[in-house]
Amino acid sequence: MRARHEDLEPVWRTPPGIAALTGVNHTTVGLRYVVTGFAFFLIGGVLAMLMRSQLTFAGNTLLDHHQYNAAFTLHGTVMMFFFAVPILLGFSAYLVPKMVGARDLIFPRLSAFGYFCYLFGGLLLMSSVVYGEPPTGGWFMYTPLSSRPFTPDSGPDFWLLGVTFAEISAVAGAVELIATIFKGRVPGMTLARMPLFVWAILVTAFMIVFAFPPLILGSILLEVERAFGLPFYDAARGGDPILWQHLFWLFGHPEVYIIFLPAAGIVSTIIPTFARLPMIGYRWVVVALVATGFLSFGLWVHHMYAVDIPLVSLSFFSAASMAVVIPTGIQVFAWIATLWHGRPEVRAPLVFVMGFFFVFVLGGLTGVMVALVPFDWQAHDTHFVVAHLHYVLFGGMVFPLLAGLYYWLPLVSGKRLSDFGSRLVFWLVFVGFNLTFLPMHLTGLVGMPRRVYTYADGMGWDLLNFISTVGGFLTAAGIGAFLVDLALQGRFSRRARPNPWNAGTLEWAMPSPVPSYNFVSQPRVEDRDPLWRDPELGARQQRAEFYLGHAPVKRREMLVTGALSAEPEQVAILPGNTWVPLFAALFMGVFFVGVLAQVYAIAILGIVLAAGAFLAWAWKTPEGVGGERDMDAGLGARLPLHHTVARSPGWWGTAIVLFADAALYGSLIYAHLFLWTVSPSWPPPGYLDVGFALPAVALAILALSSVAVQWRQYGLAAALAVAAAVLQSYALAASGLAPGSHAYSAVVFMLWTVQAVHIAIAVAMALFTLRRRAAGYDEAQVPAVTRLFWHYMVAQWGAGFAVVHLFPFVAA
Amino acid sequence: MALAGCEGIQSALDPAGPNADAIYRVTVVMTVGAVVIFALVLLLVLYATYRHPDRRPAVSTRLLIVGGGVVFPVVVLSALLAWGVWLTGALRVPPGNDAVRIEVVANMFWWDVRYLDEHGQARFATANEIAIPVGRPVEFTLGSRDVIHSFWVPNLAGKIDMIPGRVTRLRLQADRPGLYRGQCAEFCGPQHARMAFLVVALPEPQYAEWLENQREPARAPLQHQGREAFLAHGCASCHTVRGVSQAALLGPDLTHVASRAWIGAGTLANTPEQLVTWIAEGERVKPGRAMPSFGHLDRETLEALAAFLSELR
């Protein structure tokens with residue numbers, strides 16, 4: 001019997017009313033991200049208008065210094081962390097499964113959890129305004145200005161905790177997207193047939209996995225310094241404020257491309273659709289995306305040219321900053337080639353892409369200028385850079401975003417689009433934007449620094465600032481017109497037919513508005529643009545001609561395919577709607593609020609409750625005890641269920657999390673080595689006379705536990721790990737390690753503390769695995785995940801041990 | 001405001017020395033290049049989109065992508081990079097022995113300036129205003145007493161950060177006499193916007209005179225109500241006036257404060273009236289400065305203080 005809409009909808013849908021909070025479906029969660037992200041965009045925009053108003057003329061007193069400094073701090077923070085990244089993640093969460101032919105993201109509860117972390121992080125940050133202690137140290141939070149002695153109020157704490165909370169969602173989203181892209185593509189969609197948007201998201205997600213941990217680590221260190229006085233950034237006690245800058249920009253530069261690449265993916269989707277031609281230079285574009293991902297990690301110092309960096313490093317980073325132009329150039333010319341060879345039809349989304357070309361190319365060219373060290377020494381921290389970064393980010397992200405919103409709106413609303421409204425929006429935003437920021441290049445070169453709440457008149461800055469303010473309000477009017485247009489179209493537009501743009505990608509193979517389960521049956525594809533090859537594909541999948549189209553429908557099933565082969569491998573049983581992600585995020589919120597209020601009992605309570613929620617999460621799997629181990633997936637494929645397979649999606653997800661985890665620990669090791677290079681003696685005299693023997697024994701015991709885990713001796717492994725932890729803790733305590741006295745002991749303390757947390761998690765996982773076995777679960781997934789984490793945990797301390805005990809020993 | 005009619009005294013587009021001039025040339029060349037490339041790419045995009053649908057390109061797609069996306073940027077950027085790296089090195093070459101050596105330590109939100117002898121010892125201190133001789137290289141040794149600041153006089157050179165726990169250096173030279181305004185370029189807290197300073201480039205003879213004058217202790221009137229007020233109301237616990245009070249480090253050195261054009265690191269013009277304002281209501285004028293307002297002093301005392309300070313030439 002074949003499935004129909006009426007069979008699938010009750011199983012997959014998000015319930016109405018308050019129970020909607022239990023929704024885990026990617027369509028629901030993706031839209032929540034987009035709407036919340038847009039709300040933050042409006043908040044950031046209001047802050048921008050306040051700043052522009054203040055700078056309209058010299059000596060204006062609309063805002064005082066405190067309000068202005070809070071405004072630019074929150075503007076940057078909101079736009080980067082609470083608008084740009086989350087809204088693009090929302091786009092991806094919504095679109096990626098549809099584009100790869102999946103029914104959902106592969107870890108639905110994780111998407112819901114990530115969204116709540118993002119929302120609560122944003123609320124935490126914005127609540128600082130209500131409490132009258134907003135952060136005022138800039139979105140970059142440079143130390144020592146943000147350290148306790150110079151900012152005793154809670155502003156930086158709101159920032160550090162709110163942003164870190166939200167970053168959990170970025171990492172969670174990245175893990176989710178990578179796993180879905182690797183394991184959730186429909187049969188036949190090999191990597192070489194993947195839509196370019198999905199390629200862009202894959203690269204972006206990997207960049208998030210490696211780029212966010214340095215900032216998370218930097219934030220943890222700064223919060224620990226502010227709360228407990230461990231001197232990581234305090235020059236007087238062996239720390240270095242420049243360490244913060246390295247950790248921040250190690251995140252901050254990839255961040256720019258994390259924002260740009262998804263937008264480039266949107267452009268690579270829209271241009272072929274309206275040029276009526278498959279993308280020219282597909283392979284070139286893929287190589288360019290991957291190259292950008294790698295190069296973006298070699299650029300961070302170009303934000304620090306004025307920090308007195310050695311000439312060799314300056315030259316290297318200058319060269320790398322210019323090299324990144326090449327992959328971007330390749331994409332630009334591939335887009336031009338596609339337009340040139342096609343028969344372009346200029347509809348609203350393509351109009352915004354035209355605006356993108358104009359603004360982004362100009363921003364790229366000024367980017368080359370600031371990549372040149374001597375020029376940057378003049379332009380750095382002036383309004384020239386404000387102009388440059390808005391050309392790159394607004395041009396490289398907001399224009400494609402608006403293009404994408406108009407492009408995919410029919411999918412969400414099922415309504416047809418009128419061209420008139422969107423063109424009006426375009427011209428308002430385009431003219432307004434350029435009026436704001438084009439003169440600003442000059443404002444900077446004639447000497448106006450950034451982040452000044454007031455300026456003297458007669459410096460030649462007055463007229464330029466006035467023009468920028470007028471332009472700013474025109475842009476704001478454009479965004480307002482966009483909202484009006486949206487409302488009018490939602491109200492008055494006629495119903496759209498399916499695939500209104502005649503696009504070639506799979507998301508248009510479903511009716512609009514899209515159903516909660518996406519596909520009645522999951523198709524097989526043979527082409528990059530499957531709908532151009534077979535315009536009937538949409539109708540056929542709805543007739544349940546492909547995989548998993550059977551009825552009755554009892555649970556959420558989704559095909560899992562080979563990462564490279566894209567051939568059917570497993571069937572994943574996805575969890576349904578649940579309150580657990582909301583409560584897990586709420587309990588995390590309790591932790592963050594506890595730290596913020598410095599009531600550590602509440603923080604610990606939050607952690608305990610969150611741990612409980614995570615255990616419930618892991619325990620309550622949809623497949624249950626017993627039951628079948630494989631099933632007929634249709635088209636003659638009999639496939640195992642995911643929990644019976646060691647390399648299940650869960651194993652993949654854990655592996656990706658461990659990459660992020662390694663990046664976090666690697667950042668801590670980087671901090672240790674960096675402070676070593678700037679310090680006259682490391683360890684400082686009289687520190688850590690701990691000897692070598694005891695830690696070496698502890699490491700050996702820990703290594704042994706890995707063997708035990710491999711032999712499925714979870715209890716023994718847990719006992720060994722605890723013994724190793726006790727021994728190592730004793731060794732450090734016996735050496736009189738005083739974390740507050742010097743940056744060296746502070747970093748060593750952190751290296752061990754982070755490791756101890758990992759040991760605790762590993763032990764919990766081992767006991768959990770034992771308990772599952774005792775409860776009668778016959779599964780391969782959970783033990784495989786436990787073993788993977790365990791081996792990683794031991795390897796991590798191998799690195800930590802080398803840094804803490806081996807390097808000083810060898811160096812001495 | 002104090003600075004009315006100062007257009008161009010803080011501009012990278014009006015270079016007054018070799019360092020800023022070299023960067024200015026790079027700026028002009030890159031701006032012209034960027035405009036040309038921008039126009040070409042945009043014309044290409046517009047043509048590709050709006051041409052007659054039957055007009056297909058004569059060039060192959062590979063040539064377009066490889067030529068425009070790889071070959072062209074590699075050639076242009078390599079040349080630019082070579083120039084940039086060479087110039088970066090050239091701008092950082094340590095000056096010879098004839099260089100003037102000046103130490104500047106940044107504070108929230110003012111500049112502590114010390115002129116150094118050949119052994120690197122301070123000869124005298126001043127604040128917020130730096131005189132330099134025209135035609136001679138100057139090497140600044142830069143540090144910070146609190147947070148990170150950045151030293152920037154765009155008419156003379158690019159900027160360099162001032163970092164607690166570290167020493168950075170900047171070399172520059174002025175080729176024509178004049179006033180050049182500098183400003184902190186790294187966000188440093190509440191009054192980052194009001195942390196300016198003045199570089200006064202003087203011909204060699206006037207510079208020598210200036211130096212001679214600054215080295216001397218204050219020529220302060222001995223019997224002066226303002227002098228007594230200065231000592232009685234605690235001014236001397238933060239401000240040094242050599243010859244009048246003991247050395248104090250918390251605030252700007254005021255030994256020759258009347259010789260400066262501005263007070264409050266570029267906040268107000270240095271007139272007796274503004275001095276009264278600055279002493280009595282400085283926290284309103286520049287909220288977040290370290291010095292408390294002395295509004296509780298009576299008008300007569302304030303005016304006497306201002307008159308006394310105005311004598312310190």
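These exercises work through contacts, strands and helix crossings in a predicted model.

**Exercise 1. Describe the side of chain B that touches chain A.**

Step 1. Count the residues. In chain B, 71 residues are in contact with 72 residues of chain A.

Step 2. Find the contributing elements. Helix 1 (18-50), helix 2 (61-91) and strand 7 (160-162) of chain B each give two or more residues to this side.

Step 3. Pick out the largest share. Helix 2 of chain B supplies it, with 17 residues.

Step 4. Sort by class. The side of chain B that touches chain A holds 43 nonpolar, 21 polar and seven charged residues.

**Exercise 2. Analyse the contact of helix 9 of chain A with helix 2 of chain B.**

Step 1. Place the axes. Those of helix 9 (residues 311-323) of chain A and helix 2 of chain B come within 10 Å and cross at roughly 160°.

Step 2. Assign the direction. Angles over 145 degrees count as roughly antiparallel. Helix 9 of chain A is therefore roughly antiparallel to helix 2 of chain B.

Step 3. Give the hand. The crossing of these two helices is right-handed.

Step 4. List the residues. From helix 9 of chain A come A:L311, A:L314, A:S315, A:S318, A:A319 and A:M322. They meet B:L77, B:L81, B:G84, B:V85, B:T88 and B:G89 in helix 2 of chain B.

Step 5. Sort them. The contact has seven nonpolar, five polar and no charged residues.

**Exercise 3. Analyse the crossing of helix 23 and helix 24 of chain A.**

Step 1. Place the axes. Helix 23 (residues 743-774) and helix 24 (residues 781-811) of chain A have axes that come within 9 Å and cross at roughly 160°.

Step 2. Assign the direction. This angle makes helix 23 of chain A roughly antiparallel to helix 24 of chain A.

Step 3. Give the hand. Helix 23 of chain A passes helix 24 of chain A in a left-handed crossing.

Step 4. Name some partners. Helix 23 of chain A contributes residues including A:L751, A:I759 and A:M765. Among those from helix 24 of chain A are A:F789, A:W790 and A:W797.

Step 5. Sort the contact. It divides into 14 nonpolar, six polar and one charged.

**Exercise 4. Place strand 5 of chain B among its pairing partners.**

Step 1. Take the parallel pairing. Strand 1 (residues 100-107) of chain B pairs with strand 5 of chain B over seven bridges in the parallel sense. Here B:A106 stands opposite B:S144.

Step 2. Take the antiparallel pairing. Strand 5 and strand 8 (residues 168-172) of chain B share five bridges in the antiparallel sense. B:L142 stands opposite B:T168 in strand 8 of chain B.

Step 3. Separate the faces. B:V138, B:F140, B:L142 and B:S144 form the covered face of strand 5 of chain B. B:E139, B:T141 and B:G143 form the uncovered one.

Notes: Residues numbered from 1 in each chain as written. Chains lettered and ligands numbered in written order. Predicted model: local features only at pLDDT ≥ 70, side-chain atom pairs only at ≥ 80, totals over all residues. Contact = placed C-beta atoms within 7 Å. Helix = DSSP H or I, 4+ residues; strand = E, 2+ residues; numbered from the N terminus. Nonpolar A, V, L, I, M, F, W, Y, C, P; charged D, E, K, R; others polar. Buried ≥ 20, exposed ≤ 12 C-beta atoms within 10 Å, placed from the backbone. Pairing = 2+ DSSP bridges. Axes fitted to C-alpha atoms, helices over the stretch in contact; angles between N-to-C directions. Parallel < 35°, antiparallel > 145°, perpendicular 65-115°, else oblique. Left-handed = near helix turned anticlockwise from the far one by under 90°.
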